[in-house]
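Me: I'd like a close look at one part of this assembly, the contacts between its chains. Could you walk me through them?

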Amino acid sequence: MEFGESLRLVRSRKPLVECITNIVTVNDCANMILAAGGSPAMTMDIREVREGVAGMQALVCNMGAIDYVDSMIVAGERANELGIPVALDPVACGTTELRRTQTRRLLDCVHFSVIRGNASEIRFLAQGGKTGAGVDVKAMDEINENNVRESGEIVAELARRLNTVIAVSGKIDLVSDGRQTVALRNGCATMARITGSGCMLTSLAGEFAGADRENVFRATVACMTMMGIAGERAEEKRIRFGTGNASFRTYLIDEVFNMEPEDIDAGIRCEYL
Amino acid sequence: MEFGESLRLVRSRKPLVECITNIVTVNDCANMILAAGGSPAMTMDIREVREGVAGMQALVCNMGAIDYVDSMIVAGERANELGIPVALDPVACGTTELRRTQTRRLLDCVHFSVIRGNASEIRFLAQGGKTGAGVDVKAMDEINENNVRESGEIVAELARRLNTVIAVSGKIDLVSDGRQTVALRNGCATMARITGSGCMLTSLAGEFAGADRENVFRATVACMTMMGIAGERAEEKRIRFGTGNASFRTYLIDEVFNMEPEDIDAGIRCEYL
Amino acid sequence: MEFGESLRLVRSRKPLVECITNIVTVNDCANMILAAGGSPAMTMDIREVREGVAGMQALVCNMGAIDYVDSMIVAGERANELGIPVALDPVACGTTELRRTQTRRLLDCVHFSVIRGNASEIRFLAQGGKTGAGVDVKAMDEINENNVRESGEIVAELARRLNTVIAVSGKIDLVSDGRQTVALRNGCATMARITGSGCMLTSLAGEFAGADRENVFRATVACMTMMGIAGERAEEKRIRFGTGNASFRTYLIDEVFNMEPEDIDAGIRCEYL
């Protein structure tokens, strides 16, 4: 599969991406969407999101904005009616009773085309929204070479159950649509030393799904890989110039701005599980 | 007219600028106000804005903060009483029923010294706040060499009607106080590839009006031109270093930090219409 | 006293720092906490902060988030029960009636391990939360070589009264726990030309107190000095490269990312008063 095609579609279709997202990283998410080639809209007011989402090519719901879950549901239901892809970032979804409850509400009301989280967030979803219950998902505490296959099966099962694409990001990334599951090994450790790596990635997942909606699996692998390659290039720059995490954040967005579709297929480290 | 004088006044008077603005670009707006020479205050709570605005030299209302229109009205009415200039950014004002309604409320309650928007936002205002009604403003869909004169007349008429300075930003900018109208041709295309170009510009419009309140037309042309020249210089840097939109944002604010009053009059590309 | 030890503890203990902070600088605060070596959580919703703070090593309350004082009280009371250090940034606490009232509420309900403000904010607290009343604190209008000793005594008295560490930042910084009081002379003027210098400093104060809770005085001096040295190095870079305040912000965070514990004791300009 040629994954660069998804970026080609983002560049030509320039999707409008509505994000209901958190105050911490909203500016980075907007600039990342622009870097990839689309345009962001960050309207969150429940009085207008139903109307606003109708003109968009994708919707991104980030649970960092925990006080805007009602807006996510209104916008998400409308997006579902209109066939507009919706991406979810289940930020810290298992950590407090409020988040557990709101996550269940969201998943009950809205169908997501793609859900991108870290291992502990996706583990919570795999457990059916119950902490410490259900299937054995200890394998996913952190995805490494020892548990990658077992974790891939858990992710594939979750993708089938929710009829979505699941993406887990970490040292090794996993992406599955329930039929195809891949492990991706791009990226660098400094991505965990900036705020917003995950939020930006989910914003890209929404943007790519909006431009390549016939193939959300391809779109998700493409944007995860693009981010990983951008991280590798940004880390090279950071080391060469002796700078730090703030410069790294700037380099990361810049590298997406300058990414070519061919770079994705040339740089991808992808294993089908 | 020497427009650099307005920047000279910003540097010497260091205006305090109260902004009721959106979460996406608030940090960039604050750093841009600081770069130009003033100081920002971003208080938005309706319980204190009336008291807070009294110590300020300017107020900026950005409708990206659509859930804070009540605060804008309270602060704006007090600023009007005290003779403090108020700038408006009518973000996406024609796109949803909520925004159309809130824009009419704001314009009914508050007198603005300067309103800065893109062509579609200003077109909405020129139509009297009604979509698809009123005067023929199709000319302003996008300001280009073919429609610049016709658009200039529409903008001048709106400036007279609202007794304000109107600024339209885009590939060609327009500024009018209803008597004088200019087309400005500074800037670069990458300004549309970062979030917040418009918000930062409106923040500067408030800041410059606060420092040069006897001549808000001059202040507005000065800050639009300063931003355009900063954009040209930032774009040169971006190309030279092979960076992207995130670096461009940093360069843009840096260039304003280093702008001299003389640079404005030396670099301005201004045509009186 | 070796102050670098506090940074060593931050790097090894990697404290989780919960911040209830303002929208303007929240992203910078998160990246600054990451640069120093800990991890940020910016949850503010009153429905979950009591539960969330229990897993943290420190809590930071920034009154720029004036509409979240109720969350600060709920989280702060819980942190006090659990012995988790709490840092306060009393942003503009004396400027409006709302802020004066909310500051008194906060101080009545929550015990703070460290309070970091500028001279006018700390002066307001020294006056017992009454404007223009109480002890003569005119000395602290701005801390300079003429009033540094007198200001040091006022700060020490406040530290004893509130049983906390007080830190005043400015051209000269002061830190006191009521028994030991120091004047610190690191830093540079450009720190006042970016938004968030103070917010980032208070975030670090919380982070350092969370890692070095047996010695909050040491932790506070360490982070104030680290920030000052980072500012000096960032300013050298800004001048060398001819950049501006936006680049300075990036350099500042980068310099903290690259700071070594030894750098603090080698670079500190500290006078015991």
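How many salt bridges does the rule find across the interface of chain B and chain A? Please start there, then take in whatever else belongs to the picture.

Reply: One thing up front: this is a predicted model. With that said, the rule finds two salt bridges across the interface of chain B and chain A. One bridge at hand pairs A:Glu51 with B:Arg100, and the closest N and O atoms sit 3.5 Å apart. Polar contacts add to that: 17 residue pairs cross the interface of chain B and chain A, both partners being at pLDDT 80 or more.

As for where the chain B side comes from, two elements of chain B give two or more residues to the side that touches chain A: helix H5 (97–109) and helix H10 (245–257). H5(B) gives the most, with five residues. Sort the residues on this side of chain B by class and you get seven nonpolar, ten polar and eight charged. In overall terms, 25 residues of chain B are in contact with 23 residues of chain A. The two chains bury about 2000 Å² between them, and 51% of that is on carbon and sulfur atoms.

Now step round to chain C and chain B. Here 25 residues of chain C are in contact with 23 residues of chain B. About 2000 Å² is buried between chain C and chain B, with carbon and sulfur atoms giving 51% of it. If you want to know who supplies the area on the chain C side, look at C:Ile23, C:Val24 and C:Arg193: they supply 27% of what chain C buries against chain B, more than any other three residues.

The rule finds two salt bridges across the interface of chain C and chain B. In one salt bridge between these chains, the side chains of C:Arg99 and B:Glu48 meet at 2.8 Å, N to O. Polar contacts across the interface of chain C and chain B come to 17 residue pairs, both at pLDDT 80 or more. On the side of chain C that touches chain B, the elements giving two or more residues are helix H5 (97–109) and H10 of chain C. H5(C) gives the most to that side, with five residues. By class, the residues there are seven nonpolar, ten polar and eight charged.

That leaves chain C against chain A. The side chains of C:Glu48 and A:Arg99 meet in a salt bridge, 2.8 Å from N to O. This pair joins two chains, because C:Glu48 lies in the loop between strand S2 (39–41) and helix H3 (49–53) of chain C, while A:Arg99 lies in helix H5 (residues 97–109) of chain A. Over all chains, the rule counts 66 salt bridges.

Helices meet between chain A and chain C too. The axes of helix H10 (residues 245–257) of chain A and helix H10 (residues 245–257) of chain C come within 6 Å and cross at roughly 125°. That angle makes H10(A) oblique to H10(C). From H10(A), the residues involved are A:Asn245, A:Ala246 and A:Ser247, and they meet C:Thr250, C:Ile253, C:Asp254 and C:Phe257 in H10(C). Split by class, this contact of H10(A) with H10(C) has three nonpolar, three polar and one charged residues.

For a helix pair inside a single chain, try helix H1 (residues 4–13) and helix H9 (residues 216–241) of chain C, which pack at an angle of about 90° with their axes 8 Å apart. That makes H1(C) roughly perpendicular to H9(C). C:Glu5, C:Ser6, C:Leu7 and C:Leu9 in H1(C) meet C:Arg218, C:Ala219, C:Ala222 and C:Met226 in H9(C). The residues of this contact divide into five nonpolar, one polar and two charged.

How values were computed:
Residues numbered from 1 in each chain as written. Chains lettered and ligands numbered in written order. Predicted model: local features only at pLDDT ≥ 70, side-chain atom pairs only at ≥ 80, totals over all residues. Heavy atoms only, no water. Axes fitted to C-alpha atoms, helices over the stretch in contact; angles between N-to-C directions. Helix = DSSP H or I, 4+ residues; strand = E, 2+ residues; numbered from the N terminus. Parallel < 35°, antiparallel > 145°, perpendicular 65-115°, else oblique. Contact = heavy atoms within 4.5 Å. Nonpolar A, V, L, I, M, F, W, Y, C, P; charged D, E, K, R; others polar. Buried area = accessible area lost by both parts, 1.4 Å probe. Salt bridge = Lys/Arg side-chain N within 4 Å of Asp/Glu carboxyl O. Polar contact = N/O pair within 3.5 Å; in protein donor to acceptor, adjacent residues only side chain to side chain.
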